[in-house]
Amino acid sequence: MRISTGQMFQQNTNSILEKQSATNTIMAQISSGKKVNTAGDDPVAAIGIDNLKQKNALVDQFVKNIDYATNHIQQAESQLGQADSLVGSMKESVLRGINGSMTSAERQVIADDMRQSLEQLMSIANTKDESGNYIFAGNKTNSAPFAFDNNGDVVYSGDSGIRKSNVAAGVQVNTNVPGDAAFMNAPNAMGDYGVNYSSSQQGDFVVSSAKITDSTTYTPGSYSFSFADDGAGGLNISVTDSAVPPVTTVTAFDASVPVSVSGIVVKVDGEPQAGDSFSIEEVAEVSIFDTFSKAIALFESGNDAQTPAGQAELAQLLNNIDSGVNQMSQQRSLTGNSLKVLQQYSDNHTDEKLINTSALSKLEDLDFASAITEFEKQQLALSAASSLFSKVSSTSLFDYI
């Protein structure tokens with residue numbers, strides 16, 4: 001078989017180029033510290049490396065979301081804690097104001113102090129985050145959620161929106177507490193109705209509950225109750241609804257037996273007198289702001305807080321204060337649960353990334369000792385191929401003539 005000069009040159013050139021390519025590949029690996037720099041280096045490993053990097057990128061995004069959620073929930077939890085302490089102090093002021101030995105001037109001082117505290121509570125409810133967004137406004141974060149209206153009542157202009165953050169695949173955690181859930185929508189301690197006592201009340205009684213118990217016979221509307229002498233040493237109670245024309249029912253009053261009317265059960269505790277009256281209107285939820293505003297107004301109205309009607313109203317307000325405190329505490333507990341969940345997912349992501357990084361290292365990290373040994377072998381082979389090619393290429397027939 002004859003080997004032409006061209007074939008000999010081509011074969012030697014290809015050999016040198018192969019050795020140079022292998023040497024360059026190892027040099028690139030040593031320079032990057034990675035044994036897989038392109039998919040061509042190891043197609044199977046390259047797929048695994050790409051998958052692991054994508055997983056780590058997703059984990060990093062989840063961790064950022066967790067940090068964002070944690071910061072906002074911690075701020076909400078802190079503000080609710082401050083509100084809880086402030087409301088506790090205001091409740092103590094209400095209890096001091098009930099003391100019958102206090103003068104009107106002393107109650108006015110209490111009212112002034114409570115009004116300042118109410119404004120402070122309003123400031124807490126209108127807290128902004130580091131970006132200038134209102135944290136208790138639901139999704140309407142660009143405007144203050146709480147404000148006084150023309151009647152001096154606190155109104156909520158936010159919404160009930162819940163903002164969520166993705167903290168794991170298919171897992172979302174709430175990152176805010178809507179202001180209505182925290183401060184406005186506490187359950188009415190009496191049930192479904194609120195009571196308006198008559199300023200002319202003489203008897204020592206309170207309405208302890210007013211609840212809808214039978215939805216099939218319930219008729220919405222307000223109801224008026226009045227007591228009258230039954231002529232036999234007892235009392236009758238008359239109940240008039242708000243229908244047109246109004247309907248009045250009269251029954252014998254027994255403090256141990258609740259009054260039932262139109263699917264509503266009203267429990268009266270104490271000893272009313274003939275001529276006393278009160279009315280009820282549907283109030284399913286109460287605002288902590290309005291509850292304190294009513295207490296302040298009562299303390300500012302001279303000696304009204306010491307009248308039977310004032311005492312009865314204060315008893316109702318104290319119960320609603322407790323309901324408002326419970327409402328804030330429940331929302332604060334939810335933030336605490338969210339923080340616990342976030343910490344758990346943060347720990348999970350830390351472990352996951354550690355496992356992914358370890359697997360990634362095994363697939364792509366270079367064994368420098370083996371790589372340097374291989375590099376020296378390839379250099380030696382390249383040098384030998386180059387030397388051989390040099391000697392062969394310089395040989396001619398004239399060397400043997």
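## A tour from the whole chain to Ser287

The accessible surface of the chain comes to about 21,500 Å², and 51% of that area belongs to carbon and sulfur atoms. Keep in mind throughout that this is a predicted model. With the whole chain still displayed, note that 37% of its 401 residues count as buried, and that the chain holds 7 helices and 14 strands. Where contacts link residues at least 6 apart in sequence, 67% of them join residues at least 24 apart.

**First stop: the open sheet.** Select the strands β6, β13, β8, β9 and β10, which in that order make up an open sheet of 5 strands with antiparallel pairing. Look next at β6 (193-197) and β10 (248-252), which stand at the edges; each has a single partner strand, so one side of each is left without a neighbour in the sheet. If you view the sheet along its strands, neighbouring ones are turned by 25 degrees against each other on average, direction ignored.

Now narrow the selection to residues 223-229 and 235-241, which are strands β8 and β9, paired in the antiparallel sense over 7 bridges. To pick out a bridge, show Phe227 together with its partner in β9, Ile237. In general, the strands of a sheet pair through backbone hydrogen bonds.

**Second stop: helix α5.** Select residues 288-300, the 13 residues of α5, whose end C-alpha atoms are 19 Å apart; at 1.5 Å a residue the helix should span 18 Å, which agrees. Colouring the helix by burial will bring out a list of buried residues that includes Ile288, Phe289, Phe292, Ala295, Ile296 and Phe299. While you turn the view, it helps to recall that an α-helix has 3.6 residues a turn, so residues three or four places apart point the same way. Beyond the helix, select Gly302, which follows α5 and has a positive phi, near 70 degrees.

**Last stop: Ser287.** Return to the start of α5 and select Ser287, which is found in the loop between β14 (285-286) and the helix. Is this serine, Ser287, buried or exposed? Its relative accessible area is 7%, and because buried means under 20%, Ser287 counts as buried. Display its side chain and follow the oxygen, which reaches to within 3.1 Å of the backbone nitrogen of Phe289 at the start of α5. Finally, add Phe183 and Met184 to the selection, since Ser287 is in contact with both of these residues once its neighbours within four places in sequence are left aside.

Conventions:
Residues are numbered from 1 along each chain as its sequence is written. This is a predicted model: local features need pLDDT of at least 70, side-chain atom pairs count only at pLDDT 80 or more; totals for chains, interfaces and linings use all residues. Side-chain values use heavy atoms; hydrogens and water are left out. Helices (H or I, at least four residues) and strands (E, at least two) are DSSP runs, numbered from the N terminus. Buried means under 20% relative accessible area, exposed over 50%, partly exposed in between (1.4 Å probe, protein chains only). Contact means heavy atoms within 4.5 Å. Accessible areas come from the Shrake-Rupley method with a 1.4 Å probe; for residues, only the protein chains shown count as cover. The expected span of a helix is 1.5 Å times one less than its number of residues. A polar contact is a pair of N or O atoms within 3.5 Å; within protein, one must be able to donate a hydrogen and the other to accept it, and residues adjacent in sequence count only if both atoms are side-chain atoms. Two strands pair if DSSP finds at least two bridges between them. Axes are lines fitted to C-alpha atoms, for helices over the stretch in contact, and angles run from 0 to 180 degrees between N-to-C directions.
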